[in-house]
Amino acid sequence: MKKQNQRRFLALLLVIALALSFMVPVIAHAAEEDNGYGNEWVYDEARVVSSETEDYIKSLNEEIFANYANKPQLAFIVLDNLPYNMDDYKLDMFNEYGVGTKVENHGMLFVFAINDREYGLEIGDGFTKGSILRKDLETDFITEDMKNSLRAGDYDTVVYQVAEHLAGLMADEENLVYAQKEEAAAAKRAE
């Protein structure tokens, strides 16, 4: 009887060990996804972006932009310091993470390096070269309110304000505001 109980106990241990061995990869994968640096749309190495702002950006991408004709996507990288110059870094990260769908290529990646006091926006080739929308995206759109937030060290607010600004431009594009601007500009050139 004693040997039979020992065998049952050993069999139970073996079953538990096997079950745990199958769970380890699942736990490791979950840990990789939750890196503590934001969600899939925000990489916040500096840890200054609130979960509310991250949720707003995620909602823009998954609930609003996903329904737009050009399927824009917006991502943020917030760092303490740049590993190398801003222009090369934002282009490298834009290409590495594939911001923007392959067909429409309306991706936008805003990189913000706090200690370096640098920021930049990289945009996809789907934004037509020479268009009014592309010019608006390529223009430094940091407002006085955003600058005040930067001076106050309120980086979360700056990220939210940038997201809001870009969301407004994408809404104008979706609602054909930019098409009307292009038509008006073409008519003026034809005069």
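**Figure 1. Five salt bridges turn up in this structure.** Keep in mind that the model is a predicted one. One of the bridges pairs Glu40 with Lys58, and their closest N and O atoms sit 3.5 Å apart. This pair links distant parts of the chain, with the two positions 18 residues apart. Glu40 belongs to the loop between helix H1 (2-33) and strand E1 (42-44), while Lys58 belongs to helix H2. How accessible is each partner? Glu40 has a relative accessibility of 52%, so it counts as exposed, since the cut-off for that word is over 50%. Lys58 comes in at 28%, which makes it partly exposed.

**Figure 2. Here are two more salt bridges, Lys129 with Asp125 and Arg151 with Glu144.** For Lys129 and Asp125, the closest N and O atoms are 3.9 Å apart. That fits the definition, because a salt bridge needs a side-chain nitrogen of Lys or Arg within 4 Å of a carboxyl oxygen of Asp or Glu. Both Lys129 and Asp125 are exposed. In the other pair, Arg151 and Glu144 bring their closest N and O atoms to 3.5 Å. Arg151 is exposed, with 57% relative accessibility. Glu144, at 47%, is called partly exposed.

**Figure 3. Glu54 is a charged residue that is buried and has no salt bridge.** Look for Glu54 in helix H2, which covers residues 51-64. Which side chain of opposite charge is nearest to Glu54, and how far away is it? That would be Arg47, at 8.6 Å. A salt bridge has to fall within 4 Å, so a distance like this one doesn't qualify. What does Glu54 touch instead? Skip the neighbours within four places in sequence, and its contacts are Gly38, Asn39, Val42, Asp44 and Val49.

**Figure 4. Helices H2 and H6 pack together at an angle of about 15 degrees.** Their axes are 10 Å apart. Are the two helices roughly parallel or roughly antiparallel? Angles under 35 degrees count as roughly parallel, so H2 and H6 are roughly parallel to each other. Their crossing is left-handed. On the H2 side, the contact is made by Thr53, Tyr56, Ile57 and Leu60. On the H6 side, the residues taking part are Asp156, Val159, Tyr160, Ala163, Glu164 and Ala167.

**Figure 5. Ile64 and Ala171 are 107 residues apart along the chain, yet their C-alpha atoms are separated by 9.2 Å.** Ile64 lies in helix H2. With a relative accessible area of 34%, Ile64 is partly exposed. If you'd like to find Ala171 by its number, helix H6 runs over residues 155-174.

**Figure 6. Helices H5 and H6 cross at roughly 160 degrees.** H5 takes in residues 144-151 and H6 takes in residues 155-174, and their axes come within 8 Å. Which way do these two helices run relative to each other, parallel or antiparallel? An angle over 145 degrees counts as roughly antiparallel, and therefore that is the label for H5 and H6. This crossing is left-handed. From H5, the residues that meet the other helix are Asp145, Met146, Ser149 and Leu150. From H6, they are met by Tyr155, Thr157, Val158, Gln161, Val162 and His165.

**Figure 7. Leu166 is a buried residue of helix H6.** Its relative accessibility is 0%, so Leu166 counts as buried, a word kept for values under 20%. Which residues are in contact with Leu166, leaving aside neighbours within four places in sequence? They are Leu74, Met108, Leu121, Leu137 and Phe141. Take Leu137 from that list: Leu166 and Leu137 are 29 residues apart in sequence and 8.0 Å apart in space, going from C-alpha to C-alpha.

**Figure 8. Stepping back, the whole chain has seven helices and four strands.** Follow the sequence along and you get the pattern α-β-α-β-α-β-β-α-α-α-α. How much of the chain is buried? Of its 191 residues, 34% are. Now think about contacts between residues at least 6 apart in sequence: 56% of these join residues at least 24 apart.

Methods: Residues are numbered from 1 along each chain as its sequence is written. This is a predicted model: local features need pLDDT of at least 70, side-chain atom pairs count only at pLDDT 80 or more; totals for chains, interfaces and linings use all residues. Side-chain values use heavy atoms; hydrogens and water are left out. Buried means under 20% relative accessible area, exposed over 50%, partly exposed in between (1.4 Å probe, protein chains only). Lys and Arg count as positive and Asp and Glu as negative; His and the chain ends are not counted. Contact means heavy atoms within 4.5 Å. Axes are lines fitted to C-alpha atoms, for helices over the stretch in contact, and angles run from 0 to 180 degrees between N-to-C directions. Angles under 35 degrees count as roughly parallel, over 145 as roughly antiparallel, 65 to 115 as roughly perpendicular and the rest as oblique. A crossing is left-handed if the near helix is turned anticlockwise from the far one by less than a right angle, and right-handed if clockwise.
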